[in-house]
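Here are a few exercises to work through with the model open beside you. Try each one yourself before reading the solution.

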Amino acid sequence: AQLSCLARLLAAKNLTADFGSFPPDLLLFFHPSEVAAGTCREFYARASRGNLDLLPRGSSRRTRLLRGALTCLVSGDGTGGDQGPPARTWRGTRLVGLSQRVRGSRLEPQQLGSLGALVCDLEPGTIPASAPAILENLKLCPALTGAQQDALNALLLTGNTAYGDPSSWDLGTLRDLGPLVLALNQTTLSLVAEAVREDFRRSVAAAYSSQGHSQREKSLILLRAFAAASAASQPRLKRSEDGCPSEPITADSIPLLTPEQLDLCLSSQVLIDNLEAVLEQPITVQSSKILKKKVDQLFPSGIPEKQLKRLGMLSRLYTEQEISQWSVTSSDTLSALLNTSGGEWEDSQVQQLLSRFLALGGSLTGPLLRQIGDKRLRNLREEQIQQIPAEAIRTAGQLNISLYSQTKKELLYRKAREAFASLASTPGPYYCRIQPYLGGAPAEDLKDLANAGVAINMDLDTFLALNPEELQKLSVTDVKNLLGENLPKLKEAENEPSVVSWVKIQSQRELDCVLGIGLQGGLQEPTGTTTPARPTTPASITSTATVPTPARPTTPASVTSTATVPTPARSTTPASITSTATVPTPARPTTSASVTPVPATLTTIPTTSASVTPVPATLTTIPTTSASVTSLSTV
C-alpha cells in the first residue's frame, strides 16, 4: 500500500521520468502510461528486478505490468526508427494477443533481458518459441504452472539449449539447471544416465539435514521424482523372495524403499540403533508413519525419556493422548523435542507436552520460554503461568504478551517486576526490561514510573497496550511524564477507545495547558457563577431578619441589630444564628470603632455550616469589628 501510494504521489508531481533513481520494487507500481516509449526497455528491465510477489499473480496490476512490457517490446526499443504506438495504447491491447505477437516474432535474448522475471506470467506457448535463453528467465519464477512445465520440458527435449540433449547431462548439468530441475518430467529424467541421477540424489540427500522446512519440501519432490525415474528404468536394489533387499538396509537406502517394504523389511532394533542417521534422510510422510510404528513396537510400555530426545520429526506424528503418557521430566528432553529441526508442532501438541512436563514437576527456564514462543505460551492455563519462575522471565528476553488475556498479563507483570526488582533504583534500565509486561501493570506502578525523575519516553504502542482500567487512573501529568518526547504522537491515537475514555474524565484546561497537543473532549469548567459574601472570621450572630445587604466583617465583632428582614440570615463561618426579622441596612464596620448602618439593596446573606434558629423577634447580631457594636433600626 505504501509503495502504491508513493507511486501515485510521484506521478502527480510528474517525477516518474527519473525512474533510474527509484528502487525496482517501487517501479512495479508505476502505471504504464507514465513510461515514455523512448525509455520503456530500460524501465522494464529495472522493474523486472523487483519482487514480483508484491503483486499477486493474476492481479490486474501485475497483468498490466506485463502488458506494458510486451507493448514496449513489440513496438520497438524506443531508440529510433519505429517507435510504435504511444505507451497509452496498451489499454486497448489484449494480453493474449500481445503474447501471440511476441511468439510470432520470437523473444530474443535482448528482449528477454528487459522482461526478466516477467516471463513467469507469459503464455506457455511462448516458451518453446523463444530463444533458449528464456530458461534463465524461468529460473527466476517461484513456481511454474503445469502447462509452463510441459513447455519447458518440450524446449529441453529439443536439445537446442545451452544444456544440450538430456542424455548427455552430468551432475554439473543438473546442478546448473537449478530450480528448473523441479519441473523435469519423467520423460526428460528417463533420458538422464542412471549413474548421474544417483549421484544427484545422493547430493540432495546429503544436504537435506541442514535445510530449512521449505527447502526440505523441494528436496522431497526431487527425490521422489528421481526415485520414480530409477524404478521405471530398472530396480536399483535386488529383491529376495520375500520382496526385501538382498543387501542389508542402510540409512541411505531407506528413501528408496516403499512404505510397504519398510514395514516388511526394516527391524525396529535396526531403526532405533540408527535413528539419527535415518531421520537425516528425506522421508515421505507415509514412510515416517511406518518408522513411528516400528518405534512403538519396540517400546510397548512407553518410550523411555532418553529415546524421546531422539525422536525428531517422528515426535510430530504422536497424538495429544499419546503425548500425555510420555515421561518428560528433564528440561533437556523438552528442549530436544521443541527443536525446530524436527518440523512444526501443532499448538495442541505443544500444549499437551508442556502440561505433561509441568505435571511431572518440570520447571520452565528462560531458554525454554524462548523455544516455546509467545504464541504458544499464550495457550498456557493461568495456573501454569503461575508456575513460571521469576528467574525464567529475567533470562527469557523480551516476550510479546500483547495478545494475552488481562489476567495472564497481570500474572506475568508481577513475575517480571520481581525478576527485575534489582534494577528498580535505575528507572531507565528498569523500564527497558519491564516494558513488554506493562500491559499488566497497576496504575500505582505506572505513576511511579512517571514520577521517577527520568524521561521514560514510552512508545505509543506500549501506552495503548496498558490496561484501560488502569489508564483511567492516570493524571494528565502522569501521561505527559510517561510519554515524554513521544507525547505528540498521542494526538494520532485520539480516537482509540482507551484514549477517548481517558480524555473524557480529564479537565480540558489541563489537557490544553499541560499537554498542549490539541486533544479535545475533556471536562469544561463551569462559567458565570456568583460568589456570595463570606465572613472571614468566626462570630456569634443573633438575627431575627432576612438581610437585604449582607454584612461583610473583616475582624471579629459582636453586633446586635433589630430590624424587619425579608430573607433568612446565612453565615459562612462557624456560629450560632437566630433569625426572624428583616434588616434593610446592616452595619459594615471596618475598624475597631462603632459603625453606623448604611441602607443598601436587598442581598441574601451567605450561608455556612452555622446553626440557624428562627426567633420571633426583630434583633440581629452581626459581627463586624473587634469592638462590640449595638445597632437598633426600625424598618
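**Exercise 1.** In this predicted model, decide whether F30 is buried or exposed.

*Solution.* Start with the relative accessibility of F30, which is 5%. Buried means under 20%, so F30 counts as buried. Now apply the cut-off to F22: its relative accessible area is 15%, so F22 is buried too.

**Exercise 2.** Classify the ring pair made by F22 and F30, then do the same for F43 and Y44.

*Solution.* A pair of aromatic rings is described by the distance of the centres and the angle of the planes, so we take these two values in turn.

- Step 1: the ring centres of F22 and F30 lie 6.1 Å apart, and a pair needs centres within 6.5 Å.
- Step 2: the planes of F22 and F30 stand at 55°, so this pair is tilted.
- Step 3: for F43 and Y44 the centres are 5.0 Å apart and the planes are at 85°, which means an edge-to-face pair.
- Step 4: check the surroundings of the second pair; F43 and Y44 are both buried.

To finish, put the residues together: F22, F30, F43 and Y44 belong to one aromatic cluster. The count of aromatic pairs comes to four.

**Exercise 3.** Describe how helix α28 packs against helix α31.

*Solution.* Begin by locating the helices: α28 covers residues 443-450 and α31 covers residues 476-483.

- Step 1: the angle between them is about 60°, and their axes are 8 Å apart.
- Step 2: roughly perpendicular would need 65 to 115 degrees and roughly parallel an angle under 35, so α28 and α31 are oblique to each other.
- Step 3: for handedness, α28 passes α31 in a left-handed crossing.
- Step 4: list the residues in contact. α28 contributes L446, K447, L449 and A450, while α31 contributes D478, N481 and L482.
- Step 5: sort the residues of this contact by character, which gives four nonpolar, one polar and two charged.

**Exercise 4.** Where is G397 placed, and which residues does G397 touch, leaving out those up to four places away in sequence?

*Solution.* First find the loop between α25 (390-395) and α26 (406-419), where G397 sits. Next, take its relative accessible area of 38%, which makes G397 partly exposed. With residues up to four places away in sequence not counted, G397 touches R370 and Y437. Finally, look at R370: it is 27 residues from G397 along the chain, and the C-alpha atoms of the two are separated by 7.5 Å.

Terms used: Residues numbered from 1 in each chain as written. Predicted model: local features only at pLDDT ≥ 70, side-chain atom pairs only at ≥ 80, totals over all residues. Heavy atoms only, no water. Axes fitted to C-alpha atoms, helices over the stretch in contact; angles between N-to-C directions. Helix = DSSP H or I, 4+ residues; strand = E, 2+ residues; numbered from the N terminus. Parallel < 35°, antiparallel > 145°, perpendicular 65-115°, else oblique. Left-handed = near helix turned anticlockwise from the far one by under 90°. Contact = heavy atoms within 4.5 Å. Nonpolar A, V, L, I, M, F, W, Y, C, P; charged D, E, K, R; others polar. Phe/Tyr/Trp six-rings, centres within 6.5 Å; stacked < 30°, edge-to-face > 60°. Buried < 20%, exposed > 50% of the residue type's maximum accessible area, 1.4 Å probe, protein only.
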